[in-house]
Amino acid sequence: MEKSTKLKVLGSIGKIYEKSKKCKLEDSFFSNLDMELIFLSSYFRKTKSQSLFIALVFNMNHKDTVDLNDLIRYLDCTPTKILEYSDDFKHLCISGIFQKRKSRFKVKTSWANDQYSINKKITEAIINNQPMPNIQNGKISNIFELLEELNNLGEQCYAGEISTQELFSKTREFIKQNIHFPLVRNINHFEFEIEDAYLFLFTIWKTIDGNKAIDIGRACETVFDYTATRFNYLQNFLLGENILIKDKYIEIVEPQYFNSSEMKLSSNSINLLKESGISLFNHNHQDNKKNKRDNILSPDQIPFKELIFCESEMQQIYLLKELLEDKNFRATQSRLTHKNLPEGVTILLHGLPGAGKTEIAKQLAKESNRELMKVEISQAKSKWYGESQKLVKQIFTDYILYAKECDRTPILLINEADALLSKRKSIQDSNTAQTENSLQNILLEEIENFSGILVATTNLVDNLDPAFERRFLIKVKFIKPGVSVRARIWKSKFPSLAIEDCEAIAERFNFSGGQIENILRKQEINEIIYDQQATLDNLLSFCKEETLTNQKVKIGFSNVAQRQE
């Protein structure tokens, strides 16, 4: 398309709009604008009269949609005169050039309720200096376009632009025209009433669009234009008498604070979507890119770190590495299932803070090429009674759904799970105690039925509730590293240090691996700001700053410091 064509199209549209004011649609008007109408007819591939109305609606769309009265007033013609061109309007709607909706202000003449706007694809083509696009009105190319179109119909119904009857009529039409999509075909087999079919498809779209739960009252307002009908449907829904609830396609989520109840797709529906080729985690209706959440780490996102522990701890870590190799893991699950034993691999890493428990979980994920779903349990503790229980259950629900989309079973890391694993309290203590006990009961049940890979970390194993002991298949205890282990950690962090200096610092400061890493970070900052390489004096200074209590100086350490000087 030549660069000047854009200007010609816009110029012709503008001139026709200006000259058509109060033209009364007389024959002389068409004769005077014959050249402009011929040019637009060639561009839009429509008749002269159809091109006229395209030009009018194009210009009048700048403020709102255009209805019959707008055109009558602008053209200064009678209603019967413009009705002579009703076939043109019908053709422009069928061909997709006009998009039609109903006015929220109803009048007796049905055609007068229609409002028109130009298909945005045409506007974009003109502005971008492109030829007239091929528009196939009603042709849906994928399931996401269909779901979005159904959602748009609901919004029109909510705004009063179409009636509930029209919403359901068009939904039936869409289902019939798009039965070739697996999801539509599967839902059609359920033989839902049309209101249930629409609400189910509406919930699926909202879930795909990123909503974890949907307000039930708001959804019913979208669908039903009569209050009594809406209340009756909502009542049956909340009482569990609706087929979507009874057959477990939708679950009701209890209200938060004073909000109305919410609903979400059940695991049955998630499986239905998967069978229909739709993944809530791996597909995005706009760009089809993998849509990962912030708490999921892929193996390539985890930097390699050498794990240094005492011999007994390393033996258990090697066992975990071997177990999580895909071949061994699948064989293990198969064997356990054959023996009627729980197939889940549940691991408890416990010990003093800074021992590297979280890092072990990350390195296990990296080495076994598994994705890691990390949960900070403090985020699941809500001060609002009843909310925490839902959040804990949601952790495992999210994991199960995500695991279905992974080639290898991912690792669920519950970090710092002290609050959930501690001994249960007497219910007479307080409401808080009752809530915490309830959380533990939920966690016990979830772990009992768990079939994936769970790693939990805790610093307070002495306060562990006995009920959790048998729930964890493998329990690894980490103690404060001894001098030789600490020296190896120092050497791994500061390769330029002499081994005897590493041994001396390790003997002098009883640090955990996490504390030694803090020293490394301080040294990196010191090097950036002051351009100073690591020296023994610098490290000694950082070590003293790291400790909050005085540590006894070992005999012979000062000699090492003097040698370094």
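Okay, before anything else, one definition: a residue counts as buried when its relative accessible area is under 20%, as exposed when that value is over 50%, and as partly exposed in between. Keep that in your head, because E36 has a relative accessibility of 14%, and so E36 counts as buried. We'll come back to that residue in a minute.

One thing to say up front: what you have on the screen is a predicted model.

Let's start with the overall picture. The protein chain has 565 residues, and 47% of them count as buried. The chain folds into 28 helices and twelve strands. Its accessible surface is about 30700 Å², and carbon and sulfur atoms account for 48% of that. Now look at who touches whom. If you take contacts between residues at least 6 apart in sequence, 67% of them join residues at least 24 apart.

Right, on to charges. Side chains of opposite charge can pair when their charged atoms come close. How many salt bridges does a search of the whole structure find? It finds 15.

Here's E36 again. Its salt-bridge partner is K15, and the closest N and O atoms of the two are 3.0 Å apart. This pair links distant parts of the chain: E36 belongs to helix α3, residues 34-44, K15 belongs to helix α1, residues 3-19, and 21 residues separate them. So is K15 buried, or at least partly exposed? K15 is partly exposed, because its relative accessibility is 38%. E36, remember, is the buried partner at 14%.

Next pair: E367 and K321. Their closest N and O atoms are 3.4 Å apart in this salt bridge. Again, distant parts of the chain are linked, with E367 in helix α19 (residues 357-367), K321 in helix α17 (residues 311-324), and the two positions 46 residues apart. E367 counts as exposed because its relative accessibility is 52%. K321 comes in at 19%, so K321 counts as buried.

The next one is E517 with K493, a salt bridge whose closest N and O atoms are 3.1 Å apart. E517 sits in helix α26 and K493 in helix α24, residues 483-493, so to speak 24 residues apart along the chain. What about their accessibility? E517 is partly exposed at 25%, and K493 is partly exposed with a relative accessible area of 22%. This pair has company, too: salt bridges that share partners join K305, E359, K493 and E517 into one network.

Let's stay with helix α26 for a moment. It covers residues 513-530, and I529 lies in it. Is I529 buried or exposed? It's exposed, because its relative accessible area is 57%. I529 is also part of a nonpolar patch on the surface, together with I525, I528 and Y530, and the patch has about 490 Å² of accessible area in total.

Now for the rings. The whole structure holds 22 aromatic pairs. One of them is F168 with F224, an edge-to-face pair, 6.2 Å centre to centre, with 75 degrees between the planes. That pair also links distant parts of the chain: F168 is in helix α10, residues 164-177, while F224 is in the loop between α13 (216-223) and α14 (227-238), 56 residues away. Both F168 and F224 are buried. Elsewhere, ring pairs join F53, Y85, F89, F98 and Y116 into a cluster.

Charges and rings meet as well. R370 lies over the face of F329, 4.8 Å from the ring centre. And the charged end of R508 sits over the ring of F509, 4.4 Å from its centre.

Last stop: F450. Where is it? F450 is in the loop between α22 (431-448) and β11 (453-458). F450 counts as buried because its relative accessible area is 7%. Leaving out residues up to four places away in sequence, F450 touches G344, T346, F396, Y399 and L412. And here's a nice pair to find on your screen: F450 and V345 are 105 residues apart in sequence, yet 8.2 Å apart in space, C-alpha to C-alpha.

That's my tour, thanks for listening!

Technical notes
Residues are numbered from 1 along each chain as its sequence is written. This is a predicted model: local features need pLDDT of at least 70, side-chain atom pairs count only at pLDDT 80 or more; totals for chains, interfaces and linings use all residues. Side-chain values use heavy atoms; hydrogens and water are left out. Rings of Phe, Tyr and Trp (its six-membered ring) pair if their centres lie within 6.5 Å; planes under 30 degrees apart count as stacked, over 60 as edge-to-face and the rest as tilted. Helices (H or I, at least four residues) and strands (E, at least two) are DSSP runs, numbered from the N terminus. Buried means under 20% relative accessible area, exposed over 50%, partly exposed in between (1.4 Å probe, protein chains only). A charge sits over a ring if NZ of Lys or CZ of Arg is within 6 Å of the ring centre and within 35 degrees of the ring normal. Patches are made of residues with over 30% relative accessible area and no salt bridge: like charges are joined within 9 Å, nonpolar side chains (Val, Leu, Ile, Met, Phe, Trp, Tyr) within 5 Å. Accessible areas come from the Shrake-Rupley method with a 1.4 Å probe; for residues, only the protein chains shown count as cover. A salt bridge is a side-chain nitrogen of Lys or Arg within 4 Å of a carboxyl oxygen of Asp or Glu. Contact means heavy atoms within 4.5 Å.
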